[in-house]
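This report walks through one protein chain, element by element and contact by contact. The sequence and structure come before the details.

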Amino acid sequence: MNSSSYHTSIIKVGNSKGIRIPKDYLESLGKEVVLEKTKEGLLIRPAHHVAPLKDWDKLFAAADTALERDFSDWDITLEDGIK
C-alpha cells in the first residue's frame, strides 16, 4: 500500500453518506474497522480481533501460568498502610 494521500468525495449510500476507498487501502484493514475522530479529521484503523467466547478455553489453556520470580514491586503496598 502506498502511504500517499487519496482524494475522494462524500457520496450518498442509501439513507447514509459514504466514501469510496481504493481496494489496496482496504486490503490492509481487514473486515472490521474503528472510526476515530481526531483533531486532523477521521482516522480509519483495523479493529482488534477478540476471540469468540467459545474459544476462550483454548486461549486460557495455552496461556503461560508460571509465577513470576520478582514481586519486589508488591512490597510497596505494605508501606502505604493498606491491609
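## Glu 36 and its partner

Glu 36 is partly exposed, because its relative accessibility is 33% and partly exposed lies between the 20% limit for buried and the 50% limit for exposed. The model is predicted. Glu 36 forms a salt bridge with Arg 45. The closest N and O atoms of the two are 3.4 Å apart.

Arg 45 sits in strand β4. Its relative accessible area is 29%, so Arg 45 is partly exposed as well. Arg 45 also comes within reach of another part of the chain: Val 34 is 11 residues away in sequence, and the C-alpha atoms of Arg 45 and Val 34 are 5.4 Å apart in space.

## The β3-β4 hairpin

Strand β3 covers residues 33-37, and strand β4 covers residues 42-46. The two run antiparallel. Five bridges join them. Lys 37 stands opposite Leu 42 of β4.

Four residues lie between the strands of this hairpin. Gly 41 takes a positive phi there, near 150°.

## The β1-β2 hairpin

β1 spans residues 10-13. Strand β2 spans residues 16-19. The pair runs antiparallel, joined by four bridges. Lys 12 stands opposite Lys 17 in β2.

β1 and β2 form a hairpin with two residues between them. In the turn, Gly 14 has a positive phi of about 65°.

## Overall layout

How are the elements ordered along the sequence? The pattern is β-β-α-β-β-α-α. That gives three helices and four strands.

The protein has 83 residues. Of these, 4% count as buried.

## The salt-bridge network

How many salt bridges does a search of the whole structure find? There are three. One is the contact between Arg 45 and Glu 36. The others involve Asp 55, whose side chain meets that of Lys 54 at 3.5 Å, N to O. Lys 58 also forms a salt bridge with Asp 55, with the closest N and O atoms 3.7 Å apart. Lys 54, Asp 55 and Lys 58 are thus linked in a network.

Are the lysines of this network buried or exposed? Lys 54 is exposed, with a relative accessible area of 65%. Lys 58 is exposed too, at 56% relative accessibility. Both values are over the 50% cut-off, so both residues earn the label.

## Aromatic pairs

The structure holds two aromatic pairs. In one of them, the ring centres of Tyr 6 and Tyr 25 are 6.0 Å apart, with the planes at 55°. That angle falls between the 30 and 60 degree limits, so the pair counts as tilted. The pair links distant parts of the chain. Tyr 6 belongs to the segment before β1, while Tyr 25 belongs to helix α1 (residues 23-26). They are 19 residues apart. Tyr 6 is partly exposed, with a relative accessible area of 46%.

Trp 56 and Phe 60 form an edge-to-face pair. Their centres are 6.4 Å apart, and there are 90° between the planes. Both residues lie in helix α2, which covers residues 56-62. Four residues separate them, about one turn of the helix. Trp 56 is partly exposed, with a relative accessible area of 37%. Phe 60 is exposed, at 60%.

## The second largest pocket

What is the volume of the second largest pocket? It is about 170 Å³. β3 and β4 are the elements that give two or more residues to the lining. Val 33, Leu 35, Leu 42 and Ile 44 are among the lining residues. The lining also includes Ile 19, Ile 21, Leu 26 and Leu 29. Gly 30, Lys 31 and Glu 32 line the pocket as well.

By residue class, the lining divides into eight nonpolar, one polar and two charged. The polar residue is Gly 30, because Gly counts as polar here. The charged residues are Lys 31 and Glu 32, because Lys and Glu count as charged.

Note on methods: Residues are numbered from 1 along each chain as its sequence is written. This is a predicted model: local features need pLDDT of at least 70, side-chain atom pairs count only at pLDDT 80 or more; totals for chains, interfaces and linings use all residues. Side-chain values use heavy atoms; hydrogens and water are left out. Two strands pair if DSSP finds at least two bridges between them. A salt bridge is a side-chain nitrogen of Lys or Arg within 4 Å of a carboxyl oxygen of Asp or Glu. Buried means under 20% relative accessible area, exposed over 50%, partly exposed in between (1.4 Å probe, protein chains only). Rings of Phe, Tyr and Trp (its six-membered ring) pair if their centres lie within 6.5 Å; planes under 30 degrees apart count as stacked, over 60 as edge-to-face and the rest as tilted. On a 1 Å grid over the protein atoms alone, a cavity is a set of points where a 1.4 Å probe fits but cannot get out, and a pocket is an open set with protein on both sides within 12 Å along at least five of seven lines; lining residues have an atom within 4 Å of a point. Grid points are joined across faces, edges and corners, and a volume is the space filled by probe spheres set on the points.
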